[in-house]
Amino acid sequence: RVRFRSKQWYQRRVRGFKKQDGKFIWPGFGENSRVLEWIFDRTNGADNSVSSPVGLLPKEGTINTSDLGSVDMKELFRLDKGEWVAECDAIEKYFAEQIPRDTPARVSEQLRELRTRVEKDL
């Protein structure tokens with residue numbers, strides 16, 4: 001069974017999400033192996049996540065941040081309803097414009113379920 005992981009931590013950084021001092025919250029692509037380590041641990045049964053309306057998020061302290069300096073993990077994984085509604089809109093638009101007849105029914109259903117959770121629980 002394939003399990004997808006949220007990429008919000010990456011999108012926030014790519015979209016220019018910065019701390020007040022102008023630096024990115026996550027230090028850069030070279031440190032993404034730390035997130036992959038968390039994902040691998042999770043898929044191997046580690047109890048390192050908490051449920052949220054958008055899926056599993058890391059429990060506090062379960063992503064290795066040693067030698068990174070100050071990383072505001074709470075802000076990095078903050079769930080903003082407006083951002084997630086916009087994300088659902090963008091995915092829905094992509095499906096409608098790029099793969100209208102080829103989108104598997106289960107994928108469309110999961111998107112509807114995500115939107116419902118975001119609108120209800122965030």
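User: How much space lies in the second largest pocket?
Analyst: This is a predicted model, so local features need pLDDT of at least 70 and side-chain atom pairs 80 or more, while totals for chains, interfaces and linings use all residues. Residues are numbered from 1 along each chain as its sequence is written, and side-chain values use heavy atoms, without hydrogens or water. A pocket here is an open set of points on a 1 Å grid where a 1.4 Å probe fits, with protein on both sides within 12 Å along at least five of seven lines. Filled with probe spheres set on its points, the second largest pocket comes to about 280 Å³.

User: Which residue meets K74 in a salt bridge?
Analyst: K74 is one of the residues lining that pocket (an atom within 4 Å of a point). Its side chain makes a salt bridge (Lys or Arg side-chain nitrogen within 4 Å of an Asp or Glu carboxyl oxygen), at 3.5 Å from N to O, with E60.

User: Is E60 buried or exposed?
Analyst: E60 also helps line the second largest pocket. Buried means under 20% relative accessible area, exposed over 50% and partly exposed in between, using a 1.4 Å probe and protein chains only. Because its value is 73%, E60 is exposed.

User: Is R115 buried or exposed?
Analyst: R115 pairs with D89 in a salt bridge, closest N and O atoms 2.8 Å apart, and both belong to a network with E92 and E119. D89 is partly exposed at 39%. R115 has just 16% relative accessible area, so R115 is buried.

User: How many salt bridges does the count come to?
Analyst: E75 and R78 make another salt bridge, with N and O atoms 3.0 Å apart at the closest. By the rule above, the count comes to 11.
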